[in-house]
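Subject: Structure handover

Hello,

Here is the structure I said I would pass on. My notes on what was found in it follow below.

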Amino acid sequence: MRGKADSDLVRRQNRRVVLEALRFDGPAPRVELGRKTGLSPATITSITMQLIQDGAVIELDDIASLSDGAKRGRPTVLLGLNPDAAFTVAVKISIGMLEFALADFAGIIRERVEVPIATYEMLPEIFSRRLVSETQRFIVSTRVDLNQIAQINVAAQGVADTRSGLIAWSPAFKERGVPVVGPLEEAFNIPCTLANDANMIAEGLIARRKLDFSGTTAAVFLGYGIGMGLVIDGAVYHGATGAGAEFGHMNHVPSGALCRCGRAGCLEAYASDYGILRSAKNLPDNTPPPPHAVDSQVMAELEAAARGGDKDAIAAFQKAGRAIGFGLARMIALLNPDRIVLAGAGTRALDLIEPSLRAAIDEGVVAELRNNLKIETLPVGKDMIIGGTIDAGMRRLDSEVYAIGPALPVEAKKELLA
Ligand SMILES: [Zn+2]
């Protein structure tokens, strides 16, 4: 029995590394796959044959990619992921907006739609019903058979409980406890996941090898809210319920400024767009945060005012930098990261924030703990959440579905499309 279990494990591991090599580097001949994965020619032959039989991999005759000399001989057969093997639906839930994307097995987005809906005032059960109906409408519009959809992956702002499938708290909703996974799985009978949007950006950064994420990296997203994707030894850290690395809601000042989450003194209440705006306008700390995102033009004007010498604006950005810096100092003492990456729309004001941010790190943690730490910035596009959600979905398909065997995991509810 033991031998059988071991050989299954090896086979699964081999299938996964071949799929990952094709996903990261694109189509390749068998010889090159062997070199990339370190597997023997016999193993590559056997594994790729299984993957072709299971429909995950296809043979491509790519003569164009060969040199003139090679074209005269037998064309080399390239192997690539079969785009039609399975489809993934990615959903992004943010304040006032649902976004849908359909990606094929090669990770290419085939269709995408934005649906503005007034999330904030919606009762949880009303939102859940709307989520199901909009998902159904989107799937119908793509003309892809429901049985071809392997998974629905949802990314949401705020505390997304991966275990219960509920959005525990989010700036997108006034109410708490919004059911997501349950209603979608019940309606479509397709496996569904829920994750925090910042964690999905981190997944995307790893998958696209934007940076070397081999060690411990904290990616901090600055903007309307303050988020973090924490990568430990190359994998995104989600915590027990998916709420890991809620950097913006670490306490900065006990009983301090009012945060969107309802607590007082969170880091975000000082460092997010609304926090910076509130302090620049000298409004009281308990002024409720606006339910909607601060207009980027308003922030651009505030940045221009600070650069022009406006003392209140300068002080507000310095206060933000100090809040982020002390938060990072605590995290550095706890986790000893290799690298901190600052990303998001808020990095436009980095020149205004960075001096006080670095001063706070220096003040907050001894030199020995931060000597080798690198701080980098990375422009992060709007698409990184949907893109990262798809990337995470593809990794799940590679390692949990196609590494094991053929076909889609369940029979979807076809009658929904009838
Ligand atoms: Zn908070």
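Helices and strands here are DSSP runs, numbered from the N terminus, with at least four residues for a helix and at least two for a strand. With that numbering, Leu146 belongs to the loop between H5 and S7. Please keep in mind that this is a predicted model.

Leu146 is a convenient place to start. Its relative accessibility is 0%, so Leu146 counts as buried. Along the sequence Leu146 and Ile190 are 44 residues apart, while in space their C-alpha atoms are 8.7 Å apart.

Next, the aromatic rings. The count comes to 3 aromatic pairs. One of them joins Phe105 and Tyr402: the ring centres are 5.0 Å apart and the planes stand at 50°, so this pair is tilted. Phe105 sits in the loop between strand S5 (97-103) and strand S6 (109-116), and Tyr402 sits in helix H14, so the pair ties together parts that are 297 residues apart in sequence. Phe105 has a relative accessible area of 0% and is therefore buried. Tyr402 is buried too, at 2%.

Another pair is made by Phe127 and Phe173. Their ring centres lie 4.7 Å apart with the planes at 70°, so the pair is edge-to-face. Because Phe127 is in helix H5 (residues 124-142) and Phe173 is in the loop between strand S9 (166-169) and strand S10 (178-179), the pair ties together parts 46 residues apart in sequence. Both Phe127 and Phe173 are buried.

Two arginines also sit over rings. Arg23 lies over the face of Phe105, 4.8 Å from the ring centre, so Phe105 appears in both kinds of arrangement. Arg260 has its charged end over the ring of Tyr224, at 4.4 Å from the centre of that ring.

Then there is the second largest pocket. It holds about 290 Å³ of space. Its lining is made of 17 residues, and the closest to the pocket centre are Thr193, Ala195, Met200, His238 and Arg396. Four elements are listed as giving two or more residues to the lining: strand S7 (149-156), strand S11 (192-196), helix H7 (197-207) and helix H14 (384-402). Sorted by class, the lining has 7 nonpolar, 6 polar and 4 charged residues.

Helix H7 also contains Asn199. Is Asn199 buried or exposed? With a relative accessibility of 0%, under the 20% cut-off, Asn199 counts as buried. Leaving aside residues up to four places away in sequence, Asn199 touches Met228, Gly229, Val236, Tyr237, His238, Gly242 and Gly244. Of these contacts, His238 is also listed among the residues closest to the centre of the second largest pocket.

Last, two residues whose backbone angles you may want to look at. Ser255 is not a glycine, yet it has a positive phi of about 55°. Ser255 is placed in the loop between strand S14 (235-236) and helix H8 (268-271). At 71% relative accessibility, Ser255 counts as exposed. Asn336 has a positive phi as well, of about 50°, and is likewise not a glycine. Asn336 is found in the loop between helix H11 (311-335) and strand S15 (339-343).

Regards

Note on methods. Residues are numbered from 1 along each chain as its sequence is written. This is a predicted model: local features need pLDDT of at least 70, side-chain atom pairs count only at pLDDT 80 or more; totals for chains, interfaces and linings use all residues. Side-chain values use heavy atoms; hydrogens and water are left out. On a 1 Å grid over the protein atoms alone, a cavity is a set of points where a 1.4 Å probe fits but cannot get out, and a pocket is an open set with protein on both sides within 12 Å along at least five of seven lines; lining residues have an atom within 4 Å of a point. Grid points are joined across faces, edges and corners, and a volume is the space filled by probe spheres set on the points. Ala, Val, Leu, Ile, Met, Phe, Trp, Tyr, Cys and Pro count as nonpolar, Asp, Glu, Lys and Arg as charged, and the others, Gly among them, as polar. Buried means under 20% relative accessible area, exposed over 50%, partly exposed in between (1.4 Å probe, protein chains only). Contact means heavy atoms within 4.5 Å. Rings of Phe, Tyr and Trp (its six-membered ring) pair if their centres lie within 6.5 Å; planes under 30 degrees apart count as stacked, over 60 as edge-to-face and the rest as tilted. A charge sits over a ring if NZ of Lys or CZ of Arg is within 6 Å of the ring centre and within 35 degrees of the ring normal.
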